[in-house]
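Student: I have a structure to go through. Can we test its labels against their definitions?
Tutor: Yes. Here it is.

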Amino acid sequence: MATFVSYPLPSLPEGWSAEKDFKAVGKITADGATQRTIEPVGPHFLAHARRARHKRTFSEDDRIQAQERAKNVEEDNDDDISEPEDLMMLNRDAKDWKTQDHYKVLGLSKYRWKATEDQIKRAHRKKVLKHHPDKKAAAGRTEDDNFFKCIQKATEVLLDPVKRRQFDSVDEAADVEPPTKKQLATSKSYKLWGNVFKSEARFSKVHPVPSFGDDKSSKEDVENFYNFWYNFDSWRTFEYLDEDVPDDNENRDQKRHVERKNANSRKKKKVEDNARLRKLLDDCSAADERIKRFRQEANAAKNKKRLDKEAAEKKAAEDAKAAKEAAEKAAKEAEEKAKLDRESSKKAKEAAKTAVKKNKRVIRGSVKDANYFAEGAASPAAIEAVLSDVELVAAKDDPEEIAALAAKLTGLKVADEIKGVWKEEVQRLVAAGKVKESEIKAFNA
Amino acid sequence: MSETRTGPAPGDRTAIGITFGNSNSSIACTVDDKAEVIANEDGDRQIPTILSYVDGEEYYGQQAKAFLVRNPKNSVAYFRDFLGKEFKSIDPTYNHASVHPQDVDGSVAFTLKDKAGEDEAASTLSVSEISTRFLRRLVTSASEYLGQKVTSAVITIPTNFNDKQKAALVAAAKAADLEVLQLISEPVAVVLAYDARPEAEIVDKIVVVADLGGTRSDVAVVASRGGLYTILATAHDHEFVGAALDKVLINHFAKEFIKKHKIDPRENARSLAKLTAESEATKKALSLGTNASFSVESLAEGIDFQSTINRLRFETVARPVFEGFSRLVESVIKKAGLDVLDVDEVILSGGTAHTPRIASNLGNIFPASTAILSPSTSATAINPSELQARGAALQASLIQEYEAEDIAQSTHAAVTTVPHTTNAIGVISLTESGEEVFVPVVQPETAVPARRTVQVAAPKNGGDVLIKIVEGNTHIKVIKPEPKVQAANGTNSKAAKVEDDNSGEDSDDEFSDEEEEEEKREKAWKIGATLAEAAVRHVKKGAQVEVTINVNADLSVTVTAREVGAKGGVRGTLSA
């Protein structure tokens, strides 16, 4: 940490003195700092972050870290394998090793199948140091090697992977009981079930084992979990519970009989174990709120689809019906309207015809009233000429124009006025190009 | 994985370091606290960042790279830099030989056939989707190597990645079922890779990290202060890159081919792809040996082509590019307000850093005291291509046991942004001739709070000593050639001078003569304002005095001085 400088420090000048030998002269210059960002990388940054977040100074942090490290070392040595030894266990007969709890004998009962080989070795050593028969002999108790034998047996079993598996298979103390109904009612049910399956997972041939998850697990995860467990591949065996096979050579039949019996019993136990796991899973899935929820959601989704479809169909049918009705109505209306139109146009035509007739009568009458614009009795030729002109004008004029002309002529009795009106009409027609001036004979006069 | 879950619990994590580069990617893990770069199933530690689809089959890495020649329409390369960018701001130059990027609603996408079957339509995949697929392949490789599913990673990013690009990368990783523990900048990962070596000492130093990649060069000046890293300046370049060196070789061999056969192989896309692939291989061969062969079967119009090139020739034709690298490094040092003399270490990283010429050019820029860490200049140098991945893996192993929440809080700006001293703080000691010299204890650009300790020899006869704490800063002292040398050599030097003037580039000894004539520059400390004085009394003869300077977060300074091995000592505080 410290760097060394070989150049010597100056000697203290004569007469230098200060309170507690320290004299503050200045301070870091005002612009002595730039705000910059440290890269959050590396072990020293971790230390920096730790100090900054816990507001520790360098020396405080050093002290706390040192303490933590020291504690770790201690734990490594001691804490993990120190368990009180009860008297019952100490007094066990080594002959009954089959029924002893090897982990408990070594003081590893809180680790069990999780204990590492290193832990087992260290635990063994620790127990040996304490219970070695020679030590006990030194204390005056001779031939007290019973518990020592238990320790040796336990180590023998636990350090042999095959034997350890056999023991782990029947290590009931490592089992976690499934939660009761009462416990399930609480919010902890996910954790409780999770622990059950964590302990069951020790038998799995396949790793990693999917975790039970919690309330927020996705459908996929949950399905994955149950699929895994319903197809669980277990290495659990029950050899450990075998009856001892008599090893005398005399009775071979007896030996075979026991072997057969053992094989059958293993098989039976395996089947029972599978059934047990199956039941556990059934219970678990039956009580699993997530599955219910997923099912509801799926149903809701399905129903929604169906309802949507139905609604869409209904709507389509209604739309079609409405459209058809509308079309029919429109057709009917159109027909009625056409009929009405036909009738009204017929009437109008007739009315127009009668009006034209009437107006023509008026205009014809007007020339007659004017005595065919002749003084005294009009000559037949003059009458003929006037009438032909009138007919010509009447033929050229529209019914409206005839009506207008008739309106102008009605009430006029004086011949000149009538003639003026006629002349006007003729001039209008000539101007409109409907009649040639030459065709008009009488009104031009 | 559901959206609500933040990631695996710290105990269940398997974390690796990933370098997701524009040209190449790497994955690394830690074994017994030592970083190790993982080779993928093809045996590659540098995995080309390329995905290729052939009949619905996905290829990545070296295999996909081989398909750039035969299947460019369904191969995507150089897509990392497009992550989180809008189409209008991307540079598609390097995608010319593979699928071209497309504008889809302003963002970048690629259209290729990733499904089998003749009549399957081509799908348009966003750059995030492509990244996700590529990251998934990397994670699969790592998982196969480690034998357990990789859940988390630290990924390196260039220093100029903005928040949007970071978010896009994190999202792409998440879609590949990968928790991003942290994104760390590439130069810092590189420094960490070197600092994590067991033999490395944590000293205060200025490091220049030159990351020379295939399509981009990033140079950063990093202040390493007590293992805390602060980036002082960065520069990014897209011109002076590995691809530019390839280009030089491509043109060189293309010209040779034209001379022989009157055909330009660069005009045909497939010929160009073959030429590019072989040029890159030749470049790599030239980094290792002084001669390399170049041979392509059926380069153009069925004509095979074979040639050789030596390193000298390569260095001559690629000189403009090499000089560009040097200029880039110089510019960033200037940008940081430093001098080449301030730089203690130059680390070359990235694939292009293998090229020996770049390292030797940089060696000429920097003084002899500056360590240039590259394979050609230092025997202990770590493979430059692996540095970033190693750094990321080390960081991953450091933080994998923390909750995601903890990591987020620790990397928050409130923790990372702190004042850095501009001046050095040190003590005054005496040279043999009695001159006062400045002994730096806290270097400039040190993040506070900082604590530094220095042990200084006491005067020969012991007694009471004065500890004078002062500020200091550096300046570059230029020493003109000493006239004494000239006087001693007399006429000789004069003659040499004349010769110098006449001869441009002649023999070596003349060159060295000329070097002696050059002015010398060296870094010198200037003593600034005095901060405090303290006295340590009755120091034994030949003892040492330990001075600890503690700069607190509020810039107040605590000074402790005591004789090594003795009790008591002096302690005082300067208010901020």
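Student: In what sense do strand β3 of chain A and strand β20 of chain B pair?
Tutor: Antiparallel, over five bridges, with residues 33-39 in β3 and residues 417-421 in β20. Strands are DSSP runs of E, at least two residues, numbered from the N terminus. Two strands pair if DSSP finds at least two bridges between them, so five bridges qualify. One of the bridges joins A:Ala33 to B:Thr421.

Student: What should I know about the model?
Tutor: This is a predicted model: local features need pLDDT of at least 70, side-chain atom pairs need 80 or more, and totals for chains, interfaces and linings use all residues. Residues are numbered from 1 along each chain as written, chains are lettered from A and ligands numbered from 1 in order of writing, and side-chain values use heavy atoms, without hydrogens and water.

Student: Why is the meeting of B:Asp406 and A:Arg53 called a salt bridge?
Tutor: The term needs a side-chain nitrogen of Lys or Arg within 4 Å of a carboxyl oxygen of Asp or Glu. Here N to O is 3.3 Å, so the pair qualifies. The count between chain B and chain A is four salt bridges.

Student: Which residues make the contact between the chains?
Tutor: Chain B gives 81 residues and chain A gives 52. Contact means heavy atoms within 4.5 Å.

Student: What makes β21 and β22 of chain B a pair?
Tutor: They share six bridges, in the antiparallel sense. B:Ser429 stands opposite B:Val437 in β22(B). Five residues lie between the strands of this hairpin, and B:Gly434 takes a positive phi near 90°.

Terms used. Helices (H or I, at least four residues) and strands (E, at least two) are DSSP runs, numbered from the N terminus.
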